[in-house]
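I opened the notebook to follow how the strands, the aromatic rings and the largest pocket of this protein are arranged, and I wrote down each thing as I looked it up.

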Amino acid sequence: MLAVSTIEELHGRLGQELGVSDWHPVTQQDITLFAEVTHDRQWIHTDVEKAAALGPFGGTIAHGYYTLALAMHLMQQVVSLDGFAMVINYGLNRVRFPAPLPVGDRVRLRLSLERIENRAGGGDVTFLMSFESAGQEKPVCIAESVVRVFDAG
């Protein structure tokens with residue numbers, strides 16, 4: 001894992017791939033729990049029999065937002081920003097879900113450093129996140145994550 005604690009260290013990595021997370025299993029239990037918490041109980045995610053019989057993907061698939069919700073968990077396996085006084089999630093840019101993520105598959109995150117906008121005491125850092133499925137070539141989610149970092153001291 002890459003450990004970064006200053007904006008200057010980040011500038012040294014600009015335009016580079018920072019790494020790839022471990023594989024994360026996508027289980028029906030997790031998808032069902034996500035559906036309950038978010039109140040998004042669309043059958044393509046929750047009804048195993050109906051999705052297998054009538055769905056276009058041969059079974060249930062993960063919610064796109066489930067995949068996106070894994071961002072912090074997977075990102076923390078690639079890069080540590082613990083040396084900053086504070087790191088906050090500032091938002092997302094250009095979120096797309098180019099391919100479905102089937103339940104029973106695995107997903108991982110490929111992370112690159114795209115942009116840095118300096119601010120007094122820190123900056124806004126834009127990471128390109130590409131979520132990869134073990135079962136297919138096409139990414140299941142691509143998004144830019146913007147975090148605001150505050151220098152320690």
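**Entry 1, strands.** I looked up Pro 25 and found that it stands opposite Arg 106 in β6; the model I am reading is a predicted one. Strand β3, residues 24–25, is joined to β6 by two bridges, and the two strands run antiparallel. I then turned to strand β2, residues 17–20, which also runs antiparallel to β6 and is joined to it by three bridges. Here I noted that Val 20 has Arg 110 of β6 standing opposite.

**Entry 2, the hairpin.** Which strand is joined to β6 by twelve bridges? I found that it is β7, residues 122–133, and that the pair runs antiparallel. Within this pairing I picked out Leu 113, which stands opposite Phe 127 in β7. The two strands β6 and β7 form a hairpin with two residues between them, and I noted that Gly 121 in the turn has a positive phi of about 80°.

**Entry 3, aromatic rings.** I looked for aromatic pairs and found that the structure holds two. In one of them, Phe 34 and Tyr 66 meet edge-to-face, with 5.7 Å centre to centre and 85° between the planes. I call this edge-to-face because the angle between the planes is over 60 degrees. Phe 34 belongs to helix α2 (residues 28–38) and Tyr 66 to helix α5 (residues 64–69), so this pair ties together parts that are 32 residues apart in sequence. Are these two residues buried or exposed? I found that Phe 34 is buried and that Tyr 66 is buried too.

The other pair is made by Tyr 65 and Phe 97, again edge-to-face, at 6.0 Å centre to centre and with 80° between the planes. Tyr 65 lies in helix α5, while Phe 97 lies in the loop between β5 (86–96) and β6 (106–119), so this pair too ties together parts that are 32 residues apart in sequence. I noted that Tyr 65 is exposed, with a relative accessible area of 58%, whereas Phe 97, at 36%, counts as partly exposed.

**Entry 4, a charge over a ring.** I checked Tyr 90 and found Arg 148 lying over its face, at 4.1 Å from the ring centre.

**Entry 5, the largest pocket.** I wrote down a volume of about 220 Å³ for the largest pocket. Its lining includes Met 1, Met 72, Asp 82, Asn 89 and Val 147. The elements that give two or more residues to this lining are α6 (71–78), β4 (79–80) and β5. When I sorted the lining residues by kind, I had eight nonpolar, three polar and one charged.

How values were computed:
Residues numbered from 1 in each chain as written. Predicted model: local features only at pLDDT ≥ 70, side-chain atom pairs only at ≥ 80, totals over all residues. Heavy atoms only, no water. Phe/Tyr/Trp six-rings, centres within 6.5 Å; stacked < 30°, edge-to-face > 60°. Helix = DSSP H or I, 4+ residues; strand = E, 2+ residues; numbered from the N terminus. Buried < 20%, exposed > 50% of the residue type's maximum accessible area, 1.4 Å probe, protein only. Lys NZ or Arg CZ within 6 Å of the ring centre and 35° of its normal. 1 Å grid on protein atoms, 1.4 Å probe; cavity = no way out; pocket = protein on both sides within 12 Å on 5 of 7 lines; lining within 4 Å. Points joined across faces, edges and corners; volume = space filled by probe spheres on them. Nonpolar A, V, L, I, M, F, W, Y, C, P; charged D, E, K, R; others polar. Pairing = 2+ DSSP bridges.
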